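Student: Please take a close look at a single part of this model and then follow the connections outward from there. I would like one connected account rather than a list.

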Amino acid sequence: MSHAIGALAIVAAAGWLAAAGVAGLGAMRRPGLRVGALLSGAGGAAAATCGVLLAVHGGGTTVQLGAGPVGGAVFEIEPLAAPFILLLGLVAVAIALYAPRYHEPGQGTALYLAVYNLALLASLAVLAAGNVVTFLVAWESMALFCYLLILRHHRRAGVAQGAFLFVALSEIGFLMIVLAFAILVTQTGTLDLATIAERSAHVHAGWRSAAYALALCGFGFKAGLVPFHIWLPAAHPVAPADGSAFLSGLIIKLGVYGIALFGFTLLPGGPGWWGLLTMGLGAISAVLGILYALMERDLKRFLAYSSIENIGIIVTALGAGMTFTAYGQRAIGAFLLIVALYHSINHGTYKTLLFLEAGVIEHAAGTRDLDRLGGLIRRLPRTAVICLIGTVAIAALPPLNGFVSEWMLFQGLFQGFRISSHLVGILIVIAGALIALTGGLAINAFARAYGIPFLGMPRSGPAAGASEFRQPVAGPALLAGACVFLGIGAPLVLTALDRVARSATGLDIRSELLVPKLTVIPAHTDFSGFSPTYLALFMVAITAVPILIFLAGRPLARSRRPPVWDGGILSFKPRMQYTATTHANPVRVTFEPLYRPSVHVERASDDPAGRSGPVHYRFQVTPIFDRYLYRPLTRFVRALAEFARPIQSGDVNLYLFYVFVVVLIAYAVYAT
Amino acid sequence: MAFWFYRGVRKGIATTRYPKTVDPWTRGLPGPPAFHSSRLTTAVADLLTRGCPAGALAREDRELVVDLGRCTGCGRCLVLGERAVVRSGEFLLATSDRAALTKRVPIRGDREAFDGG
Amino acid sequence: MAVDERDRELDGLSAELRKRALALFGRSLHIRTVDTGSCAVCESEIRLLAAPHYDLHRLGFFFTPAPRHADLLMVTGPAVRAADNLLLKTYDATPDPKAVIAVGACALGGIYLEDSLVHGAIDRVLPVDVFVPGCPPSPLALLQGLLVAVGRLEERVRALSLDLDAGRAG
């Protein structure tokens, strides 16, 4: 079995490498584009199968290439990476189905697809890395390839800036990750991850905490935790739709993988404050993410902020899991780890779906601006259905996968009373309350994000002319099916994840996770339980019965259809509808102290008699983190650079003097 | 809060008892005119016809036709008609028959003048 | 279809039938006001009906914004032609049996004569059941109109004479 896992991983890697080559050389023409996508999809299928087998089997495998710690690469595929490998495969297959119809064949597309497949390869390498050097090299390659990915349309406005923010924050994060690994490597004396995990218990507690804190921040940059998140809303809108889907669906999960790696594998058994810090960051990210999402008019920026929100939820689950484990509730700790992994897969699935559909909408209607869309449900019917499934999933409505994972998270958080420390229990309750707030706001946000573009009347000409002809459907449809399966088939998925958690925490909670009759329970039989499968069946039945009654009774009940009472107006105009801006107004007004908006109103004249004429209203949310955190930091760094500038005066004589001084010092040091 | 309750109780019920009784202050409400037909001359009738802004008064041969539906209670006819026109004090004028709102007042003032009054 | 024919029958209910139907509403009547271009003073008086001094709720009358819930339409204004669509849609949306009260001098044909902008009187557009003159009619006059419409009060104007010298020999 482990041979199969290793072989599948190699097949996936080879597939993506081949796809990169084929696409890079051949995607100037449509057949080349299709073959490249086919290879990419084949690689994805192999990766997905590898992930599933890994989760089901529960044991890892090792692949070694080359020689020596620096000259070669060591891959160790551990079960903790299984959900992420599965997600990688699924995303790759979906995007492979989507790309041929989305991209136009050409030079730019060829380069883009080559880079994308290399990014897939690099992500697999990160997940499969068994050795610190492999990990770091794979991580940097992944970041580099994603940077190139974002730069696809580099001549358009905002692209260069978004890509720059991505790479800048990625590098800061990378620095912190390198430091974290450096601490561990120097303290344990080995580069091999498995050995570090074994020896980390003997490392001094201060070093362990420093390593974990650095890892949390470093991986937090990639994951998009607040306050490390500002690259997400800048980079996602400007990348092509499948690039944004890849970023949001997979790359930010690599940040989560990193935090889980440090928290559960490399440095297990940390003190409670690690978990509380992680949980706190996660909860704040969740709330702030959805609050900023509600103010967005650009569909892709909205989805980017929603990704921040969901990452917050995942990291909250991780942090709470670590807290419960630290305070002795190991079963709930393992349960919450399972929740985090499950929600990662779920979010990857539906966020990828939504980004892909955002791309379809952008191509069909010509705009991403919610206030210019409308009525797409008639013009893009299949897209509307698929998007609805994705929206119901992400809004955590039953019976889909988002509901199951958020239910499980809440059930885990509600058991904070089992911890003996009251303070910690209260903090967990506060985190639960924040997550509940985000759940409510998320429903509002996604009702807006689905209702405004799809329902009602088109708010602009291009939206009225949208057409589904030749738009990609298969990729998003696959993901929609996956959402449904992950929700209804949750017992199956959770069984597999339990094996993953067993290898990570050493605890098998199968009997405390699933009871017979397909019911999920949160690690304790006396707390609560529900069955996603039966719930789904019940919901189908409860919807079918009234429909059947209606259909059966239709010939008997005579009815007539008078015109609907519409208030007596002559006709409906698109401008009579809600816009995205007004839909979110209650939230805007309530949270105004957070948004600190700058509002600018311009009218023809302030004299009441001269007031007829257009009124211009501009509302802008103040970017707090940009202005109050990053700008002062960059100013400080520039000040330092200015201070150090005289060293590089450009004068050759001064440089020769430096060389002379260094030689003197070297002579003095080595001569003694 | 209690203060307003007691104040209200002390002042009593302010609601009108209509339709059992009609409030006495309504006698001063503006409404259609009433005529002294014995003082109404043809000349005055013509003056009133020209002067009514709502078109409620019209002289038809020896009768002044008053359309109560059209009357706005402006009071111009009271000024123009002097002794012949007074306030009627009527304001409860609802009906299901539009024609019932058309009243005819005979012009008898001319005959008096003829009789040498 | 048979259903449409029955509809047309109901639309053509005779005045007598309508009166008897309205008598059923004598204890609880829902009123919907329609403004076809009035100066809004009639609306002020109508609004006063719900105030504590006149209190039409004690008589069983209620205002409703939805014509689908209404039994009676209280129409003000001189039936401006631009409001035709509105007036007819509201009338069609009100289910049978229904009644129409025309309120105010404008609605009864005063001030505004028929021309290209106005019909002049409501009864040129809709069948009107009760006419309430006044400019504006006082809330008591409105109450009288409502009670006459549901048959709880007798009309007074039929017996009214404007000739104060009527009994004298002339």
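Tutor: Let us begin at one side chain position: leaving aside residues up to four places away in sequence, A:Ile361 touches A:Leu299, A:Leu373, A:Leu376 and A:Pro453. Everything said here concerns a predicted model, and should be read with that in mind. A:Ile361 belongs to helix α13 of chain A, which covers residues 330-365. A:Ile361 is classed as buried because 27 other C-beta atoms lie within 10 Å, against a threshold of 20 or more for that class. A:Leu113, by contrast, is not among the contacts named above; it is separated from A:Ile361 by 248 residues in sequence and by 21 Å in space, C-alpha to C-alpha.

The division of chain A gives this some context: domain 1 comprises 1-204 + 249-256, domain 2 comprises 269-557, and domain 3 comprises 629-671. The centres of domain 1 and domain 3 of chain A, taken over C-alpha atoms, are separated by 37 Å. Further along chain A, the peptide bond between A:Pro398 and A:Pro399 is cis, with omega at about -5°, and A:Pro399 sits in the loop that runs between α15 (381-394) and α16 (401-414) of chain A.

From chain A we can pass to its neighbours. Chain A and chain B do not touch, and their nearest C-alpha atoms are 27 Å apart. Two pairs of chains do touch, and the pair of chains B and C has the most contacts. Chain C also meets chain A, with nine residues of chain C in contact with five residues of chain A. On the chain C side of that meeting, helix α4 (residues 84-93) of chain C provides the largest share, five residues, and the residues of this side divide into five nonpolar, two polar and two charged.

That helix leads into the fold of chain C, which contains five helices and five strands, arranged along the sequence as α-α-β-α-β-β-α-β-β-α. Its five strands form an open sheet with parallel pairing, in the order β2-β1-β3-β4-β5. β2 (61-63) and β5 (130-132) of chain C are the edge strands, each with a single partner strand, so one side of each has no neighbour in the sheet. Neighbouring strands of this sheet are turned against each other by 25° on average, direction ignored. Within the sheet, strand β3 (residues 72-76) of chain C and strand β4 (residues 99-103) of chain C run parallel and are joined by five bridges; C:Val75, for instance, has C:Ala102 in β4(C) as its bridge partner. Helix α5 (residues 139-149) of chain C lies across β2, β3, β4 and β5 of chain C, and runs at about 170° to β5(C).

Two numbers describe chain C as a whole. Of its 170 residues, 46% count as buried, and among contacts between residues at least 6 apart in sequence, 80% join residues at least 24 apart.

The loops of chain C hold some backbone details that deserve inspection. Most residues other than glycine have a negative phi, and most peptide bonds are trans. C:Ala40 has a positive phi near 80° and is found in the loop between β1 (29-35) and α3 (41-48) of chain C; with 14 C-beta neighbours inside 10 Å, C:Ala40 counts as partly exposed. C:Asp55, also not a glycine, has a positive phi of about 45°, lies in the loop between α3 and β2 of chain C, and is partly exposed, with 18 other C-beta atoms within 10 Å. A cis peptide bond, with omega about -10°, joins C:Asp96 and C:Pro97, and C:Pro97 is in the loop between α4 and β4 of chain C. This loop therefore follows the helix, α4 of chain C, that supplies the largest share of the side touching chain A.

Finally, a word on confidence in chain B, the chain that does not touch chain A. Its pLDDT averages 87, and 94% of the residues score at least 70. Among the elements of chain B, helix α4 (residues 109-114) has the lowest mean pLDDT, 64, whereas strand β3 (residues 63-67) has the highest, 93.

Conventions: Residues are numbered from 1 along each chain as its sequence is written. Chains are lettered from A and ligands numbered from 1 in the order in which they are written. Two residues are in contact if their C-beta atoms, placed from the backbone, lie within 7 Å. Helices (H or I, at least four residues) and strands (E, at least two) are DSSP runs, numbered from the N terminus. Ala, Val, Leu, Ile, Met, Phe, Trp, Tyr, Cys and Pro count as nonpolar, Asp, Glu, Lys and Arg as charged, and the others, Gly among them, as polar. A residue is buried if 20 or more other C-beta atoms lie within 10 Å of its own, exposed if 12 or fewer, and partly exposed in between; C-beta atoms are placed from the backbone. Two strands pair if DSSP finds at least two bridges between them. Axes are lines fitted to C-alpha atoms, for helices over the stretch in contact, and angles run from 0 to 180 degrees between N-to-C directions. pLDDT is the predictor's confidence in each residue, from 0 to 100. Domain bounds come from an automatic or database domain assignment.
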